[in-house]
Amino acid sequence: MSIQTAYNAWADTYDTVLNKTRDLEAVAIRQLLAKLPFAEVIELGCGTGKNTEWLATKAAHVTAVDFSAEMLARAQAKLAGGNVRFQQADVTQPWSWAQQPAELVTSSLILEHIADMGPVFRHCSQALRPGGWFYVGELHPFKQYQGSKARYLAATGAEVTVECYTHHLSDFLAAARPHGFRCLDLREYFDDNDRTAVPRIVSFLFQKEA
Ligand SMILES: C[S@@+](CC[C@H](N)C(=O)[O-])C[C@H]1O[C@@H](n2cnc3c(N)ncnc32)[C@H](O)[C@@H]1O
């Protein structure tokens with residue numbers, strides 16, 4: 001099953017079924033971006049709008065992008081008539097929909113579904129103002145080494161595992177560097193804040209060279 005088809009089918013239950021990765025990443029993005037000022041934001045893989053609602057309270061305008069029509073529909077239902085423009089697109093393809101330079105691009109739990117992160121970092125660099133930020137929040141690769149993957153129960157009761165790719169910590173830095181990004185911050189988040197366990201979420205804050 002394609003990743004797009006899988007998310008179309010997951011959309012109905014994405015918000016309602018317990019999902020520690022979804023919820024801990026929501027904490028991560030709010031902490032890392034709390035003090036940054038941003039007006040124009042691009043959100044990659046907005047899904048059902050978990051972070052879109054919060055970004056829209058902080059920004060003048062958000063462009064929320066996803067290639068799953070069903071995930072987008074859930075987000076749109078939550079944010080109708082506001083300062084958010086929704087766009088159905090594959091973010092690995094050229095961002096012809098990006099209308100004006102952004103101060104911030106965010107990417108939450110999407111890069112694990114993209115084999116080659118290079119084009120995303122390239123498009124992101126082109127869409128950002130000099131000095132702009134790129135936030136990335138992902139399932140920690142240490143969790144992936146243990147077999148964790150995005151999965152859900154289909155309406156039939158069968159478990160569906162979405163196609164995922166492991167990106168090592170160094171892969172994020174290697175993908176960022178050629179496109180003029182430097183890493184300003186890297187944080188790790190643990191279930192129940194238990195730092196003796198394997199971290200669940202890794203988050204990065206990159207800045208495009210001024
Ligand atoms: C795990 S969900 C995360 C949704 C939301 N960001 C969150 O944190 O709850 C991943 C989302 O990325 C989207 N996605 C995956 N690959 C994509 C691609 N190449 N282009 C656009 N969207 C993509 C999926 O459709 C899905 O909505």
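Biologist: By class, which residues does the lining of the largest cavity have, nonpolar, polar or charged?

Modeller: Rolling a probe the size of a water molecule over the atoms shows where empty space is left. In this predicted model, the lining of the largest cavity has 3 nonpolar, 2 polar and 2 charged residues. That lining is made up of Leu111, Glu112, Glu138, Leu139, Gln144, His167 and Phe172.

Biologist: How many cavities of 30 Å³ or more does a search of the whole structure find, and how much space lies in the largest cavity?

Modeller: The search of the whole structure finds 1 cavity of 30 Å³ or more, and about 30 Å³ of space lies in the largest cavity.

Biologist: What takes up the largest pocket, and which residues are closest to the ligand?

Modeller: The largest pocket is the space taken by the ligand. Around the ligand there are 17 residues, the closest being Tyr14, Gly45, Lys50, Asp66 and Asp90, and by class this shell divides into 10 nonpolar, 4 polar and 3 charged residues.

Biologist: Which polar backbone atoms should I look for beside nitrogen atoms of the ligand?

Modeller: A polar contact is a pair of N or O atoms within 3.5 Å, and with that cut-off in mind you can start at Gly45, where a polar backbone atom is 2.6 Å from a nitrogen atom of the ligand. For Phe67, a polar backbone atom is 3.2 Å from a ligand nitrogen atom, while for Val91 a backbone N or O atom lies 3.0 Å from a nitrogen atom of the ligand. The ligand on its own has 600 Å² of accessible area, of which the protein covers 98%.

Technical notes: Residues are numbered from 1 along each chain as its sequence is written. This is a predicted model: local features need pLDDT of at least 70, side-chain atom pairs count only at pLDDT 80 or more; totals for chains, interfaces and linings use all residues. Side-chain values use heavy atoms; hydrogens and water are left out. A residue is near a molecule or strand if one of its heavy atoms lies within 4 Å of it. A polar contact is a pair of N or O atoms within 3.5 Å; within protein, one must be able to donate a hydrogen and the other to accept it, and residues adjacent in sequence count only if both atoms are side-chain atoms. Accessible areas come from the Shrake-Rupley method with a 1.4 Å probe; for residues, only the protein chains shown count as cover. On a 1 Å grid over the protein atoms alone, a cavity is a set of points where a 1.4 Å probe fits but cannot get out, and a pocket is an open set with protein on both sides within 12 Å along at least five of seven lines; lining residues have an atom within 4 Å of a point. A molecule sits in a cavity or pocket if more than half of its atoms lie within 2 Å of its grid points. Ala, Val, Leu, Ile, Met, Phe, Trp, Tyr, Cys and Pro count as nonpolar, Asp, Glu, Lys and Arg as charged, and the others, Gly among them, as polar. Grid points are joined across faces, edges and corners, and a volume is the space filled by probe spheres set on the points.
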